[in-house]
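Colleague: Could you take me through the interior of this model, going slowly and explaining each term once?

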Amino acid sequence: MPLLPAEFADLERFADWVLPTEPQRYAKRLASAMPQMQEFYDTAFPRLEDAIAYCDKFPLTDLPEDARALLHLMQSLVNVSFPVEVWKQARVPDSGAAMVHLIREPVV
Amino acid sequence: MSHFTKPAAGSWTEHYPELGTEPVDYTDSIDPGFYEDERNAIFKKTWLNIGRVERLPRAGSYFTRELPAIGTSLIIAKGTDGVVRAFHNICRHRGNKLVWDDFPNEETSGTCRQFTCKYHAWRYSLEGEVNFVQQEKEFFDLDKQLYGLKSVRCEVWEGFIFVNLDEDAPPLAEYLGPLVTGVEGYPFHEFTEVYSYRAEIGSNWKLFIDAFAEFYHAPILHMKQAVKDEADKLAGVGYEALHYQLQSPHSMISSWGGMAPPKDLNMVKPIERVLRSGLFGPWDRPDIAGLDPLPAGINPSRHRAWGVDEFEIFPNMSLLFWAPGWYLTYHYWPTAVDKHVFEANLYFVPPKTARDRLGQELAAVTFKEYALQDANTLEATQTMLATRIVSEFPLNDQEILLRHLHKVAKDKVKEYRDAAAAR
Ligand code: FES
Ligand SMILES: [Fe+2]
């Protein structure tokens, strides 16, 4: 069963990035190798505008399941944009042992 | 040469002559004796913000706060009369912690009609009266009037809930004074989309305030967050604020605010270009009343290039307003002389579209990337301060808020010690 809307079948192979919360997305980022994230970014980033346009056909508070999954995927894209666009590594450079946890967040 | 006008005295620091300009002694951040006195002299005597009213949407809503700095756990609850109250989280029967879930040291929140102790089921109203005692007849002339929850002074300002353990402290509004109350009227209540962060930091609480109360470090520590050309330019120019203002014990810095939206889109990362958002928040100001004009206390120099104001509400709260229309708070809760819990809350208006939502997501993700870099420096600072190889440090004019913070902390501790010695 595909998670994403049919128009986004090209992103289906990244379905394991469909994660509703930031702690899940951040943990997956830390557990991923750069080539994996690069591939996800290179495929998903060009579809970001289309994904937004697709989700914006519905009220944000009442997204159909597939649109919600697409939005969660794009939230993961936002999270990996840092390693890919600037850091060239999963962790924030110069952050050593520091941990900052997101403990309350609005979940779509 | 300075880019922005400084006061007639020649510098921001000399504009406040009581601060002095000599190097500052940082023993206050490593000395366990100072820390113990600081808890008594500062944290147990000062108004402390412990959250916002949005966390208490209805009668019976409550949350708990674990506050080692003041040596207690508190229950904050909204009564049936709509009043927000604070109580020590201790049962009057035999001292069990009254409100907690599985782990006594973890904070909790929820909604209830009354608080029931897990131990022997004494029950307390939302207003703190004991209204049920299990097998009351087994006690000896128990006067229930005398066994209500121990309350703590609690006042709300602009939706921010403050508590104070000191019965003799002046009222909250008076304590905040004109510097802080100058932001009244900001539409805080509209910003109900909240991201909350927590970090355990291996440094004295004041060192993290230091890190956030000067932007002198920004072009250097966070260099890699900007694109290369921009980073080089920023490092060359350095950093200067638009304006500083002190009103002891509080202070503020007003700053120009960078790129929202940037003059040249090549200055920002690809994802920022698409989502129109970044560290400075979503670039497009939300459509709500109260942001234009802003309250007089915000952007006090009325500068066109204004981007952000940061108010340091003594002792441990920072309140920041970003030009594009959102705000955030930081809190620094000491747990030991060389440890504290850092909390940050990002407040946005509820997004209407997926585009808005992803813009906020990017701002939140970016905040965390910066905070990780800021946090990591602190442990390194703490360990070296603790060596006492060097204890005095030259602070520059862009570090005036640090000079002020350490001076206020030392003055309060001195006052407390002098009073104790005189007794
Ligand atoms: S300790 Fe709470 S009822 Fe006994
Ligand atoms: Fe910083």
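Modeller: The answer below begins with the packing and then turns to the spaces.

This is a predicted model, in which local features need pLDDT of at least 70 and side-chain atom pairs count only at pLDDT 80 or more, while totals for chains, interfaces and linings use all residues. Residues are numbered from 1 along each chain as its sequence is written, chains are lettered from A and ligands numbered from 1 in the order in which they are written, and side-chain values use heavy atoms, leaving out hydrogens and water.

For chain B, the domain assignment (an automatic or database one) gives domain 1, made of residues 13-44 and 180-422, and domain 2, residues 48-168. The C-alpha centres of domain 1 and domain 2 of chain B lie 32 Å apart, and their contact (heavy atoms within 4.5 Å) takes 24 residues from domain 1 and 18 residues from domain 2.

The largest nonpolar core has 146 residues, and those with the most contacts inside this core are L48(A), M74(A), L77(A), L319(B) and F342(B). Such a core is a set of buried Ala, Val, Leu, Ile, Met, Phe, Trp, Tyr and Cys residues joined through side-chain atoms within 4.5 Å, where buried means under 20% relative accessible area. Helix 4 of chain A, residues 65-87 (a DSSP run of H or I of at least four residues, just as a strand is a run of E of at least two), gives the most to the largest core, with 13 residues. Because domain 1 and domain 2 of chain B both give residues to this core, the core lies between them. Leaving aside residues up to four places away in sequence, L48(A) touches M74(A) and L77(A) of chain A, and also I271(B), V274(B), L275(B) and L358(B) of chain B. A second, separate core of 15 residues includes C91(B), L126(B), V133(B) and L149(B).

Beside this packing, the structure holds three cavities of 30 Å³ or more; on a 1 Å grid over the protein atoms alone, a cavity is a set of points where a 1.4 Å probe fits but cannot get out, and its lining residues have an atom within 4 Å of a point. About 90 Å³ of space lies in the largest cavity, a volume being the space filled by probe spheres set on the points. I209(B), P249(B), S251(B) and E312(B) are among the residues that line the largest cavity, as are F314(B), M317(B) and H404(B). Strand 15 (306-313) and helix 9 (400-422) of chain B each give two or more residues to the lining of the largest cavity, and helix 9 gives the most, with three residues. By class, the lining of the largest cavity has eight nonpolar, three polar and one charged residues, where Asp, Glu, Lys and Arg count as charged, the core residue types and Pro as nonpolar, and the others, Gly among them, as polar.

The second largest cavity holds about 40 Å³ of space. Its lining includes Y186(B), R285(B), W306(B), F321(B) and W322(B), as well as G325(B), and by class it has seven nonpolar, one polar and one charged residues.

One buried residue can close this tour of the interior: W122(B) is found in the loop between strand 7 (114-116) and strand 8 (123-125) of chain B, and W122(B) counts as buried because its relative accessible area is 3%. The C-alpha atoms of W122(B) and L378(B), which are 256 residues apart along the chain, are separated by 45 Å.

Definitions and conventions:
Buried < 20%, exposed > 50% of the residue type's maximum accessible area, 1.4 Å probe, protein only. 1 Å grid on protein atoms, 1.4 Å probe; cavity = no way out; pocket = protein on both sides within 12 Å on 5 of 7 lines; lining within 4 Å.
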